[in-house]
Amino acid sequence: MKKLISLAVMLVCTTLINAQETYTNPILGGDYPDPTILRDGEEYFLTNSAFDYVPGLVVYHSKDLVNWEPVSYALSTYLGSIWAPDIKKHKGKYYIYFTVHGERRTNCVVWADSPYGPWSDPIDLHIGDIDPCFIEGSGGRCYLVMSGGNRWTLSDDCLSVVKGSKIHFYDGWTYPDEWITEGFCLEGPKLYHIGDYYYYISAEGGTAGPPTSHMVVVARSKSIDGPWENMPSNPLIHTYNNTDRWWSRGHGSLIDTPDGK
């Protein structure tokens, strides 16, 4: 796992592909929370929580993980506050799953044949929880993992969920009682199949609490169904003191480079 690059809130952490280059953090200055990133060959595509901005779910392109430019946007109308998206490529199509917090809370998906768009109209998945994450399991079956350690089975076209397929399959990592947080708040899941293991990366501690609340924790399993083994050195990322430069670090992601780093 140390070979993989971790992106935290606000994209404050990155590793250069070319060590001779220099850059200044943050690589995207401003309001870019809950980043989700996709490597497609030698290119990278990124989007983030849109909240109440329209157009929303702007897709950014990069070839070096440092320099980014907007290339499309997936939402042109206001649906509500847009939270914690997940961008993925599957069988030649591109998908963005996301939470909508409006008159009612739901989760939606848009898709396109290219990350440059055009993107489809939003499709309501009619499911609760927040922070959807796409993962392909064994045998080609795809799932949508949600906050709280819950999971839905996706249809073959990945544009709906199978009715009655919701299960609870991960309980999270128990952090010390004396840590000052907003609450347990198991959210922001990101799952990856690397080698023999599935890696379950999630946020705990709460988004809107004290500076020391949010954190990134990791678990692994040889099966998408578990059992899950929490990393002994959890948390992967955490603000331990309000004197730290970066606060509320959660919703972490992993991304690999074309040469396997």
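**Exercise 1. Find out why Cys-108 forms no disulfide with the closest cysteine.**

Step 1. Start with the distance: the sulfur of Cys-108 lies 16 Å from the closest cysteine sulfur, which belongs to Cys-158, and that is too far for a bond. A disulfide is a pair of cysteine sulfur atoms within 2.5 Å.

Step 2. Now turn to Cys-158. Its nearest cysteine sulfur is that of Cys-142, 4.2 Å away, and Cys-158 is in no disulfide.

Step 3. Widen the view: a search of the whole structure gives zero disulfides.

Step 4. Check the surroundings. Cys-108 is buried at 6% relative accessible area, and Cys-158 is buried at 1%. Here buried means under 20% relative accessible area, exposed over 50%, and partly exposed in between, with a 1.4 Å probe and protein chains only.

A word on the model before you go on: it is predicted, so local features need pLDDT of at least 70 and side-chain atom pairs count only at pLDDT 80 or more, while totals for chains, interfaces and linings use all residues. Residues are numbered from 1 along each chain as its sequence is written, and side-chain values use heavy atoms, with hydrogens and water left out.

**Exercise 2. Describe the overall build of the protein.**

Step 1. Count the elements: the protein has zero helices and 19 strands. Both are DSSP runs numbered from the N terminus, helices being H or I with at least four residues and strands E with at least two.

Step 2. Compare the radius of gyration with the globule rule. The protein has 17 Å, which agrees with the value near 18 Å for a compact globule of 261 residues. The radius is taken over C-alpha atoms, and the rule is 2.2 Å times the number of residues to the power 0.38.

Step 3. Add the dimensions: the C-alpha trace spans about 45 × 45 × 40 Å along its principal axes. Of the 261 residues, 53% count as buried.

**Exercise 3. Trace the open sheet that contains S13.**

Step 1. Follow the order S10-S11-S12-S13, four strands with antiparallel pairing. Two strands pair if DSSP finds at least two bridges between them.

Step 2. Look for the edges: S10 and strand S13 (167-168) each pair on one side only.

Step 3. Zoom in on S13. Two bridges join this strand to S12 (residues 150-153), and Asn-150 stands opposite His-168.

**Exercise 4. Explore the largest pocket and the largest cavity.**

Step 1. Learn the terms. On a 1 Å grid over the protein atoms alone, a cavity is a set of points where a 1.4 Å probe fits but cannot get out; a pocket is an open set with protein on both sides within 12 Å along at least five of seven lines, and lining residues have an atom within 4 Å of a point. Grid points are joined across faces, edges and corners, and a volume is the space filled by probe spheres set on the points.

Step 2. Take the largest pocket, with a volume of about 580 Å³. Its lining has 22 residues, and the closest to the centre are Leu-38, Lys-88, Leu-191, Tyr-192 and His-193.

Step 3. See which strands contribute: among those that supply at least two lining residues each are S2 (36-40), S6 (81-90) and S14 (187-194).

Step 4. Finish with the largest cavity, of about 40 Å³. Residues that line this cavity include Phe-51, Tyr-53 and Leu-75.
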